[in-house]
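Here are some notes for a colleague who has not yet looked at this entry. Please read them beside the model.

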Amino acid sequence: MVKVERSPIPPASLAIEKQKASGSYTKPDVMAQLSQDFHEKCYLCEISPPHGIEVEHLRPHGGDINRKFDWNNLFLVCSHCNSMKNQDKYHDMILDCSAVEPEGILDYQLIDGHVCVRPSAQAPEKEAILTADLLTACFEHTNTGIRELECKIRIDELSKTMDALYKQLGDYQKTASNKSLRTLRGMLNRTYKFAGFTRAYVRAHLETYPNLAEYVQLQ
């Protein structure tokens, strides 16, 4: 999860559909804007493109028409992560990545093929704890065969991304070439898949890669 810059103007269809008895919050203009704003990534696991695209209400609407069609409450998510979030303990308790900087609140790690997301020492609030729990579960909760496979897909994709990052970092250390730097800048951009993890790794190793500090700054 990384900070998302949401377009300030809601897609036009939301106001129209809100007036209907069975209006839809997934009209083409909404989906196009969400895809653009979220850089075609699931806002939770950051896989790109999302596997089984869904629109998620960060704060469950429970029939509340205002929450249902609130542009600021709509998030692009994959079906796997949406199903993981659909638990009472997460209701109204997940960080809003379009309003806060998650990277300043959460620490992301991939260790020996396993994901661990923890609240940073400066963020003991319940929202941070539950968001870290959810993000870890999106990669590690394997209580059924389907979820085990879905988690494996995400771990495999994340591992490939991190291996590519390690290789580029090694190449950059050896050559300091502009080509390696351009590639690293792309991998450390918030728009990149699994950017929460790539950026966290470099921030944790800035003593080794001081020239990359400007590319992993927090907002």
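1. A residue is called buried here when its relative accessible area is under 20%, and exposed when that area is over 50%. The model is a predicted one.

2. By that measure Val30, Leu34 and Asp37 are buried in helix α2, which spans residues 28-37. These residues lie on the same side of α2, because the arc they cover around the axis is only 70°. Exposed residues Pro28 and Gln36 sit on the face of α2 turned away from the buried side.

3. What do the buried residues of α2 pack against? Their partners are α1 (12-18), β1 (53-57) and β2 (74-78). Just after α2, His39 has a positive phi of about 55°.

4. Helix α5 (residues 126-140) packs on helix α6 (residues 145-175) with the axes 7 Å apart and at an angle of about 100°. The two are therefore roughly perpendicular. On the α5 side the contact involves Ala137, Cys138, Phe139 and Glu140; α6 contributes Cys151, Arg154, Ile155 and Leu158. Six residues of this contact are nonpolar and two are charged, with no polar ones.

5. The largest nonpolar core has 59 residues. Those that touch the most other members are Met1, Tyr43, Leu44, Leu106, Phe139, Phe197 and Leu212. Helix α5 supplies the largest share of this core, eight residues.

6. Leu44 deserves a separate entry. Apart from neighbours within four places in sequence, Leu44 is in contact with Met1, Val77, Cys81, Leu134, Leu135 and Cys138.

Conventions
Residues are numbered from 1 along each chain as its sequence is written. This is a predicted model: local features need pLDDT of at least 70, side-chain atom pairs count only at pLDDT 80 or more; totals for chains, interfaces and linings use all residues. Side-chain values use heavy atoms; hydrogens and water are left out. Axes are lines fitted to C-alpha atoms, for helices over the stretch in contact, and angles run from 0 to 180 degrees between N-to-C directions. Helices (H or I, at least four residues) and strands (E, at least two) are DSSP runs, numbered from the N terminus. Angles under 35 degrees count as roughly parallel, over 145 as roughly antiparallel, 65 to 115 as roughly perpendicular and the rest as oblique. Contact means heavy atoms within 4.5 Å. Ala, Val, Leu, Ile, Met, Phe, Trp, Tyr, Cys and Pro count as nonpolar, Asp, Glu, Lys and Arg as charged, and the others, Gly among them, as polar. A nonpolar core is a set of buried Ala, Val, Leu, Ile, Met, Phe, Trp, Tyr and Cys residues joined through side-chain atoms within 4.5 Å. Buried means under 20% relative accessible area, exposed over 50%, partly exposed in between (1.4 Å probe, protein chains only). The arc is that of the directions from the helix axis to the C-beta atoms.
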